[in-house]
Amino acid sequence: PGRYQSDRFYQGVIVPDDSIIPNCLKEIYEEMSGNQLDMMLMNYQYILPNGTQRKGGYHIDKNDEKIVSGKQFLIRENYPPMIPLYAYRRSFITENNLSILSIGHEDEEFTPKAIYMAKRIKYYPLTFYNYFQNEESFMHTYKESNFYDMLTAISGTRNWTEVRQFNLMF
């Protein structure tokens with residue numbers, strides 16, 4: 001995956017087939033820095049191979065815009081695991097030793113951990129990401145390795161929660 005940076009303090013991820021809307025980084029930066037956020041979820045357009053738009057299936061727009069802890073966000077928000085839909089404070093990633101596994105379904109392993117670790121996270125209703133459905137994507141083709149990647153992601157998350165005595169009490 002590629003990365004975008006609105007400055008040296010904030011970053012995000014762009015998958016090679018996808019894009020972000022023009023001139024959005026200043027707005028993302030101002031919202032992140034103005035609210036001292038660790039993470040911020042934003043919206044996306046799901047674009048089919050024929051160029052038409054499909055409505056996203058995660059009901060992101062049902063989220064409110066309040067700043068909450070990651071634990072609260074996990075419990076009450078409609079969040080997708082898609083890594084590119086979030087902006088991240090760079091030091092938050094390094095301070096919490098977060099990294100993205102080199103597997104398919106890395107989102108399912110990374111995103112819940114990152115959200116859980118966030119002290120300040122919110123939803124911001126900016127449709128900034130263009131997700132292009134690619135017919136050649138591993139998501140649309142059965143391969144046995146996809147199954148094992150998903151098990152790796154689940155196992156990694158399970159081990160992580162056990163080590164931290166995972167608890168959503170706040």
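At 44% relative accessibility, Glu30 is classed as partly exposed, because this value lies between the 20% limit for buried and the 50% limit for exposed residues. The description that follows concerns a predicted model, and Glu30 offers a convenient point of entry. The side chain of Glu30 meets that of Lys26 in a salt bridge, with a distance of 3.8 Å from N to O. Both residues belong to helix α1, and because they are four residues apart there, about one helical turn separates them. Lys26 has a relative accessibility of 60% and therefore counts as exposed.

By the rule applied here, the structure has four salt bridges. Another of them joins Lys122 and Glu31, whose closest N and O atoms are 2.6 Å apart. This pair links distant parts of the chain, for Lys122 stands in strand β7 and Glu31 in helix α1, 91 residues apart. Lys122 is buried, because its relative accessibility is 6%. Glu31 is likewise buried, at 16% relative accessibility.

A further salt bridge connects Arg89 with Asp38, and here the closest N and O atoms are 2.3 Å apart. Arg89 lies in strand β6, whereas Asp38 lies in the loop between α1 and β4, so the contact ties together parts that are 51 residues apart in sequence. Asp38 has a relative accessible area of 6% and is therefore buried. Together with Glu95, Asp38 and Arg89 are linked in a network of salt bridges.

The account now turns from charged to nonpolar residues. In soluble globular proteins, nonpolar side chains tend to be buried together. In this model, the largest nonpolar core comprises 39 residues, of which Ile28, Met39, Met42, Tyr44, Leu85, Phe128 and Tyr129 touch the most other members. At least two residues of this core come from each of β2 (10-14), α1 (25-34), β4 (39-47), α2 (70-76), β6 (86-89), α3 (90-95), α4 (106-117) and β7 (121-132). Strand β7 gives the most, with seven residues.

Aromatic rings also come together, and the structure holds five aromatic pairs. In one of them, the rings of Tyr46 and Tyr131 have their centres 4.9 Å apart and their planes at 50°, so the pair is tilted. Tyr46 is in strand β4 and Tyr131 in strand β7, and the pair thus links distant parts of the chain, 85 residues apart. With a relative accessibility of 9%, Tyr46 counts as buried. Another tilted pair is formed by Tyr86 and Tyr88, whose ring centres are 6.2 Å apart and whose planes stand at 40°. Both Tyr86 and Tyr88 are buried. Ring pairs also link Tyr44, Tyr46 and Tyr131 into a cluster. Tyr44 thus appears in this cluster as well as among the core residues that touch the most other members.

It remains to consider the confidence of the prediction. The mean pLDDT of the protein is 77, and 66% of its residues reach 70 or more. Confidence is highest in α1, at 94, and lowest in strand β1 (residues 2-5), at a mean of 50. Where pLDDT is low, the predicted coordinates should not be read in detail. Helix α1, where confidence is highest, is also the helix that holds Lys26 and Glu30, the pair with which this description began.

Key: Residues numbered from 1 in each chain as written. Predicted model: local features only at pLDDT ≥ 70, side-chain atom pairs only at ≥ 80, totals over all residues. Heavy atoms only, no water. Core = buried A, V, L, I, M, F, W, Y, C linked by side-chain atoms within 4.5 Å. Buried < 20%, exposed > 50% of the residue type's maximum accessible area, 1.4 Å probe, protein only. Phe/Tyr/Trp six-rings, centres within 6.5 Å; stacked < 30°, edge-to-face > 60°. pLDDT = per-residue confidence, 0-100.
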